[in-house]
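These are my notebook entries on a structure that I looked through, starting with strands and ending with side chains.

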Amino acid sequence: MHYRKFQADYLFTGTNLLGATSILITNEKGEIIDIVDQEQAGEGVEVFPGIISPGFVNAHCHIELSHLKNKIAEKTGLVNFVVKVVTKRHYPEEEILHAITNAVKEMHENGIVAVGDICNNELSIPEKNKGLLLYYDFIEVSGWNPSVASERFQRSQSIYQKYIDNEKNSSMVPHASYSISSSLWEKITPYFAGKIVTIHNQETKYEDEFFLHGTGDLIRMYELMGIDNSFYKYPFVSSLQSYYKKLSSASSVILVHNTFIKQDNIDYIFANNLTSQLVSFCLCPNANIYIEDTLPPVQMLIDNHVNIVVGTDSLASNHRLDILEELKTISKKHPDITTEAMLTWATLNGAKALQMENLLGSFGKGKQPGIVLIENVEGEKFTTDSKAKRIL
């Protein structure tokens with residue numbers, strides 16, 4: 001059997017950052033054989049400058065929106081962004097498919113090995129069937145007015161079945177608290193049992209304002225989209241508290257964005273969480289800047305010792321599908337967060353959230369997590385010039 005041996009200034013295992021004397025050994029397929037000291041490694045060691053890491057897990061993306069790159073203005077707020085996505089997403093199918101292929105290639109080159117992908121149609125299936133990356137597909141359901149619940153559910157159920165027919169790991173999931181009626185919640189909740197469920201959470205300050213007070217910019221969104229909101233009875237609790245218990249049967253929950261989450265919401269999750277359920281908090285900082293020009297309370301999440309994961313969101317709300325760029329943005333605002341912590345979010349934590357940790361996320365023996373080189377670092381710290389690339 002042919003072995004490959006990798007050495008760098010630092011070797012990140014998925015949990016720990018080791019020094020230059022640690023050598024990673026794989027077979028030619030990329031399966032992890034061992035990590036040994038350089039004195040035991042023998043000849044044929046490939047030496048790289050920088051940090052070697054397991055492949056990245058992009059816990060939240062919308063590959064099907066890749067054709068909207070540079071089509072939507074930045075920093076105009078979530079309501080304007082959502083309206084633009086809804087009205088601009090319909091392009092010729094050939095153009096959409098070409099953009100999907102390019103997006104997947106970009107992610108692969110940037111060291112991403114797995115994606116939690118939001119799906120509103122089946123257009124990404126042919127590209128996913130090529131097997132360049134691994135996926136967990138989230139079939140997104142939305143419909144605020146109860147009168148469309150049956151129609152929207154049947155449509156999503158049909159798309160879900162297409163993914164199942166193509167042997168895809170998939171779930172039916174809610175888009176957001178402000179886009180699912182009680183009738184629609186009732187229809188989709190049975191599909192959460194034992195599955196991974198994700199939801200866009202508290203992405204704008206107006207989300208909580210709407211549920212707590214019945215005011216704010218979401219009212220304008222319904223008006224712009226011609227949606228009658230007169231039926232709704234406000235719960236006078238936060239957005240998260242309005243739906244969180246509905247997710248109780250899921251085995252894994254991924255709350256995405258969390259840009260305006262507060263400590264009382266974290267406390268609520270702890271008070272109502274099942275010990276067997278993993279709750280992950282997905283950070284998409286570059287998308288948050290693109291849409292709302294702000295960042296989530298990263299330090300608060302760290303202080304609560306929650307499972308933090310990282311996503312890119314879509315090219316409609318980001319210039320690149322590059323997990324390292326997300327980490328660099330976080331590091332710039334929070335220079336005290338260690339590289340070891342951030343890389344854990346981007347690898348093992350993400351793999352756990354997507355229930356792929358038996359294969360990905362760390363350099364454990366027998367795993368095949370991909371190998372990424374992070375270049376242009378200063379010591380173990382990222383710089384503005386740091387780049388990630390797939391080397392196996």
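**Entry 1: what a strand pair is.** Before looking anything up, I wrote down that two strands pair if DSSP finds at least two bridges between them. The model I am reading is predicted. With that rule in hand I looked up a bridge in strand E12, and found that the partner of Ile254 there is Ser280. I also reminded myself that strands of a sheet pair through backbone hydrogen bonds, either parallel or antiparallel.

**Entry 2: the sheet around E11.** Which order do the strands of the open sheet have? I noted E10-E11-E12-E13, a sheet of 4 strands with parallel pairing. The edge strands are E10 and E13, the latter covering 307–310, and each of them pairs on one side only. From one strand to the next, the twist averages 30°.

I then went through the sheet pair by pair. Strand E10, residues 196–201, is joined to E11 by 6 bridges in the parallel sense, and in E11 the bridge partner of Asn201 is His257. Between E11 and strand E12, residues 278–283, I found 5 bridges, and these strands also run parallel; here Ser252 stands opposite Leu278 in E12. The parallel pair of E12 and E13 has 4 bridges. In E13, Asn307 is the residue opposite Ser280, and Ile308 is the bridge partner of Phe281.

I also followed the chain from one strand to the next, and saw that E11, helix H10 (residues 263–272) and E12 make a right-handed β-α-β unit.

**Entry 3: how covered these strands are.** Is strand E11 mostly covered or mostly open? For E11, residues 252–257, I recorded that 6 of its 6 residues are buried, so I wrote "mostly covered", taking buried to mean under 20% relative accessible area. For E12, 5 of the 6 residues are buried, so this strand is largely enclosed by the rest of the structure.

**Entry 4: another set of strands.** I next looked up strand E1 (residues 3–12) and strand E5 (residues 45–54), which pair in the parallel sense over 6 bridges. In E5, the bridge partner of Gln7 is Val47. E5 also pairs with strand E14 (residues 371–375), this time in the antiparallel sense and over 4 bridges. There, Ile52 has Leu373 in E14 as its bridge partner.

**Entry 5: aromatic rings.** How many aromatic pairs does the count come to? The count comes to 18 aromatic pairs. I chose the pair of Tyr160 and Tyr191 to read closely: the ring centres are 6.0 Å apart and the planes stand at 85°, so the pair is edge-to-face, a term used for planes over 60 degrees apart. Tyr160 lies in helix H5 (residues 149–165), while Tyr191 lies in the loop between helix H6 (182–188) and E10, so the pair ties together parts that are 31 residues apart in sequence. I also compared their surroundings: Tyr160 is buried, with a relative accessible area of 11%, whereas Tyr191 counts as partly exposed at 24% relative accessibility.

The next pair was Phe210 and Phe211, with ring centres 5.2 Å apart and planes at 85°, so this pair is edge-to-face as well. Phe210 counts as buried at 0% relative accessibility, and Phe211 counts as buried at 1%. Both belong to one aromatic cluster, whose members also include Trp144, Tyr222, Phe231, Tyr232 and Tyr234.

**Entry 6: charges over rings.** I looked for lysines placed over a ring face, and wrote down Lys128, which lies over the face of Tyr135 at 5.2 Å from the ring centre. I added Lys246, which lies over the face of Trp185 at 5.5 Å from the ring centre.

**Entry 7: the nonpolar cores.** Which residues touch the most other members of the largest nonpolar core? This core has 89 residues, and I noted Phe56 and Ile374 as the ones that touch the most other members. A second, separate core has 21 residues, among them Leu65, Phe81, Val83 and Ile291.

Key. Residues numbered from 1 in each chain as written. Predicted model: local features only at pLDDT ≥ 70, side-chain atom pairs only at ≥ 80, totals over all residues. Heavy atoms only, no water. Buried < 20%, exposed > 50% of the residue type's maximum accessible area, 1.4 Å probe, protein only. Helix = DSSP H or I, 4+ residues; strand = E, 2+ residues; numbered from the N terminus. Right-handed = clockwise from strand over helix to strand, strands pointing away. Axes fitted to C-alpha atoms, helices over the stretch in contact; angles between N-to-C directions. Phe/Tyr/Trp six-rings, centres within 6.5 Å; stacked < 30°, edge-to-face > 60°. Lys NZ or Arg CZ within 6 Å of the ring centre and 35° of its normal. Core = buried A, V, L, I, M, F, W, Y, C linked by side-chain atoms within 4.5 Å.
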